[in-house]
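Ready for a little structure practice? Take a look at the model below, then work through the exercises step by step.

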Amino acid sequence: MSLVKWHKSLICTFAVVVSLFTASCSVSRFIPENEHLLNNVKIHSSEKGISTTQMQAYLQQRPNSRWFSVLKVPMAPYLMSGTDTTRRINRFLQRVGQAPVIYDRSKALKARDDIEAAVRNMGYLRANVDLQEHSSGFKMNTVYDIQPGVRYTLAELDTEVGDSVIKSLLDSTAAESKLKVGMPFDLNELDAERSRINKLLRNNGYYLFNKEFVRFEADTLMGNNSVALSMIVDDYHAVGQAEYSPHLQFNVGDVQFVQDDANHNHVRPSVLNMKNSIVPGELYNESHVRETYSNLSALGAVMNSSVRMIPDTTDNSRLDALVSIATNKRHSFNVELEGTNSAGDLGAAVAVAYKNSNIFRGAEQFKVRLRGAYEAIRGLEGYENQNYIEYSIETSLSFPDFMFPGVNRDFRRSSHATSEVSIMYDSQNRPEFHRRVVTGAWRYRWNKNNRQWLHRIDLIDLNYVFMPWISSTFRRDYLENATSRNAILRYNYEDLFIMKCGYSFSYTSQPLSGATGSYGTNAYSIKINVETAGNLLYGLTNLFSTNKNKDGQYTLFNIAYAQYAKGDFDFSKSFRFSPENSLSLHVGIGVAYPYGNGRILPYEKRYFSGGANSVRGWSVRGLGPGRFRGADGRIDFINQTGDVKLDMNLEYRAHLFWLVDGAAFIDAGNIWTIREYDEQPGGQFRFDTFWRQIAVSYGLGIRLNFNYFILRLDAGMKAVNPAYTDARRHYPIVHPKFHRDFAIHFAVGLPF
């Protein structure tokens, strides 16, 4: 089937479905007489400096949402219902669908006034907003035309502060103020300055200060569209009283902790003191109070906390702090059930977890997790057993502190840090082999109180992989046969020791608070990970000239160890066009280089491409490396791995109706090897050819959004397949074959 015919059939099919879905759904019967359906709303401004996107936040009504900003399908289920709400089917359709938005002129006028006020607050003091209404049949289209006029600027700026101590504080932080002569006369900046001063003074002992004590007087009669501004900081006066007095600075007196121990989960006072940032004898500091809240909430043993500042009855410049804490239950259990599907082989898994949130009364968390899995494997010949059985046990103990010499108290106060030790044993029995993995690690995690920056250090991470049994069939066919011997496969089916250390961090931007909320904001995230393995062991074994094995590798207790360096970079950004529509992009790059004691990466550290979170036109581990094409499904899981990875994704996301969201996506990427391996012809990364080996796919997705988790179904089609060189198969977007180029993925959570 040609590209044109295929796309025409797809478009026609979609059009027929939409037509059938909406043909009998007459919206007019839901529109009261002399009323209109709000069809479209636009905001226009002749001034480019005014963001019409931000002005959308002041709209009182929005038209019914559209699929991908085009089709009003979310309204269709509602239109399919009847007017008899006593019938269950009608109530269900109306709950799932979106009710037609009936135009309300009073709300439109309110929105016009709010937009006009917002524009004037930006310094366009003579701005006007014209509401234009255009009706056609039962539909109403509106346009808010912003006519801003000239923007006023700040020509003079004076400050009046009667309190010499406060004046000194303001003078010392004047560089932090955004109020400057010559800037636009923006009331939002004036309010931000009031907030800045309020925060400054409340962090310097002025407990009773609030932003209402800061006021502005503006003179707009200067001419030349200029403003003379005076900022006045009033003395203290209680509500309803006319008397003024200097603002008092308060010192912190006693700090007392009170625990509500209804759950019998008492936390040691020394731990609470360590998490307390309110220091007796110091000036009251509101940021220390917030910091204490944040530190206590990070403790797993604490359910909630409150801080009350109580004036001392004997000293009017002193505040005592009463910190009340309610604790969580000490013991908790959790059971997880999973369904698995590995290339068509179905299975199930169950996991049982136990957590003690306060095992040593210092908010230490002890966790144990037991997991068992079973999978029925099909298509294997020459093996006695056809089943896959896995069981594992994992334990961890985390301490609510950065347990490392030389870490000062200020860092401990200002950061949420944990130190964790973990041990895991995993047993995997497959028809081809039995595999055991033992791991042990000591790591640190910490973040600042805003929780945007997250850091992790794996100080030491030990992994011992051993193979107690390999079937004679698998050994004969792939490990010892001279004609089919696979070096990558053989390396990963030998006993191996990995001793690594690493560092990773992530940063997530937060949408700005204010009138616009999350609408119109562009959020992004960055993740970086770096790790190395084997360097210390290589230095010691090389220094003492220990023996090498038959493959020329140094060993530890007769076990070869891996040596490599690995780095990953991940960037995601979201552009929100409306509450229902957004565009997300993602770039992921990874490079791992084996050297020294190992020329091949361990399987667990290798990259793969394809699957629900990569290039979705291919099944998991079905793409690459480079232009390599797998020929043996039994070992392609190891052959289709690499040392270099590139992922690029672009996804348009839209709310459809009820809990259902949709997506349209384009993915591109591949994996490569750093070295040339006989088992992976065409897989080596080369700067002059890699760009021609980037695979491309496209597709659609459906998501069920339950807020606390998302179920995702994505269907992808290959567009560019680097495994082939002939035009028909290299460009399946032009010559598609459904059975060859289609892949479907079920997953939990968003891909990025």
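**Exercise 1: a residue and its core**

Keep in mind that this model is predicted. Find out which residues Phe474 touches, leaving out residues up to four places away in sequence.

Solution. Start at Phe474 and look for heavy atoms within 4.5 Å. You should end up with Tyr383, Glu432, Leu479, Leu489 and Tyr493. Next, zoom out: the largest nonpolar core has 23 residues, and Phe474 is listed among those with the most contacts inside it, along with Ile470, Leu489 and Tyr493. Now check where this core comes from: β16 (453-470), α11 (472-480), α12 (487-491) and β17 (496-508) each supply at least two of its residues. Finally, look elsewhere for a second, separate core of 21 residues, which includes Ala108, Ala111, Ala118 and Met122.

**Exercise 2: a sheet of 3 strands**

Work out the strand order of the open sheet that contains β7, β8 and β9.

Solution. First, find the edges: β7 (251-260) and β8 (302-311) each pair on one side only. That goes with the order β7-β9-β8, and the pairing is mixed. Strands of a sheet can pair in a parallel or an antiparallel way, through backbone hydrogen bonds. Zoom in on β7 and β9 (residues 318-327), and you'll find parallel pairing over 8 bridges. One bridge to spot is Asn251 with its partner Arg318 in β9.

**Exercise 3: a helix on the sheet**

Which strands does helix α9 touch?

Solution. Go to residues 286-297, which form α9. This helix packs on the sheet and touches β8 and β9. Then compare directions: α9 makes about 160° with β8.

Technical notes. Residues are numbered from 1 along each chain as its sequence is written. This is a predicted model: local features need pLDDT of at least 70, side-chain atom pairs count only at pLDDT 80 or more; totals for chains, interfaces and linings use all residues. Side-chain values use heavy atoms; hydrogens and water are left out. A nonpolar core is a set of buried Ala, Val, Leu, Ile, Met, Phe, Trp, Tyr and Cys residues joined through side-chain atoms within 4.5 Å. Buried means under 20% relative accessible area, exposed over 50%, partly exposed in between (1.4 Å probe, protein chains only). Helices (H or I, at least four residues) and strands (E, at least two) are DSSP runs, numbered from the N terminus. Two strands pair if DSSP finds at least two bridges between them. Axes are lines fitted to C-alpha atoms, for helices over the stretch in contact, and angles run from 0 to 180 degrees between N-to-C directions.
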